[in-house]
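Biologist: I've got a chain to look at and some beginner questions about how its pieces fit together. Can we go through it step by step?

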Amino acid sequence: MSQSGKYPAKAQHIVIAAYGTLGDVYPFLQLGLALQQRGHRITIATSDIYRETLEKIGLTFFPMRPNLDGLGQTLDEFGKKLMDPTKGSEFIYREVLIPNLRDSYADLAKAAEGADLLVTHPLVLAASLLSEKTGIRWISTVLAPLSFSSKYDPSVFTVNPFPDPQKLPAFVVGWIISAIKKSIWHWMQPIQEFRAELGLPPGKDPLFEGQHSPHRVMALFSKEFAKPQRDW
């Protein structure tokens with residue numbers, strides 16, 4: 001901090017990358033505004049549909065694919081598919097994010113040229129790749145406790161045929177989480193192939209451990225929703 005205690009001694013260029021519906025993106029706009037008020041230079045990389053909103057509130061916009069308005073559906077339709085309890089995860093990863101990963105990486109790399117820090121939403125799959133490839137400092141975030149997949153305080157993801165995980169012993173929940181990981185590992189194979197193209201070694205599952213930065217993770221939810229667990 002500066003001697004006044006109000007602003008940092010050295011302003012940073014911080015790139016914040018977010019993807020998804022309004023509930024996904026808006027927290028990062030607030031974060032960007034707060035950092036900008038503290039003297040930092042902020043760039044928000046996101047879908048083109050948020051360009052007008054960003055420009056109205058005075059934040060710098062940078063387009064990052066895939067564009068939500070290019071998916072052939074409204075934002076409301078996209079949100080309903082994303083939140084489907086049985087097919088939502090498969091839809092967002094296999095139909096939207098992974099097929100456009102190379103475009104997302106190219107856009108994020110351009111946005112982050114010369115930047116000091118990268119802060120990203122969980123759905124920005126290119127973040128870990130770019131950080132490993134370029135060495136840019138990276139902070140990942142989670143918007144809900146479910147992203148931590150704790151076996152000691154599991155989120156209620158109950159859909160048939162799964163029972164309520166809150167009523168199961170921790171070792172059983174751990175087994176269920178492991179089984180889920182193994183059953184959908186093949187979804188992420190194209191990401192491993194892209195890692196090889198970039199000259200990177202095989203990485204952790206981007207849907208689970210691989211979404212978290214090894215440097216710092218910000219939990220952007222209230223402690224009223226969940227308290228830190230030993231397996232976070």
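Biologist: Which residue in strand 3 does threonine 43 stand opposite?

Modeller: This is a predicted model, where local features need pLDDT of at least 70, side-chain atom pairs count only at pLDDT 80 or more, and totals for chains, interfaces and linings use all residues. Residues are numbered from 1 along each chain as its sequence is written, and side-chain values use heavy atoms, leaving out hydrogens and water. Strands are DSSP runs (E, at least two residues; helices are H or I, at least four), numbered from the N terminus. Opposite threonine 43, in strand 3, you'll find threonine 60.

Biologist: How many bridges join strand 2 to strand 3?

Modeller: Strands pair if DSSP finds at least two bridges between them. Strand 2 (residues 41–46) and strand 3 (residues 60–63) run parallel, and the number of bridges joining them is 4.

Biologist: What is the angle between helix 5 and helix 6?

Modeller: Axes are lines fitted to C-alpha atoms, for helices over the stretch in contact (heavy atoms within 4.5 Å), and angles run from 0 to 180 degrees between N-to-C directions. Helix 6 covers residues 126–134, and its axis lies 9 Å from that of helix 5. The angle is about 55°.

Biologist: And why is helix 5 called oblique to helix 8?

Modeller: Under 35 degrees counts as roughly parallel, over 145 as roughly antiparallel, 65 to 115 as roughly perpendicular, and the rest as oblique. Helix 5 (residues 101–111) and helix 8 (residues 189–197) have axes 11 Å apart and pack at about 45°. That angle is why helix 5 is, relative to helix 8, oblique.
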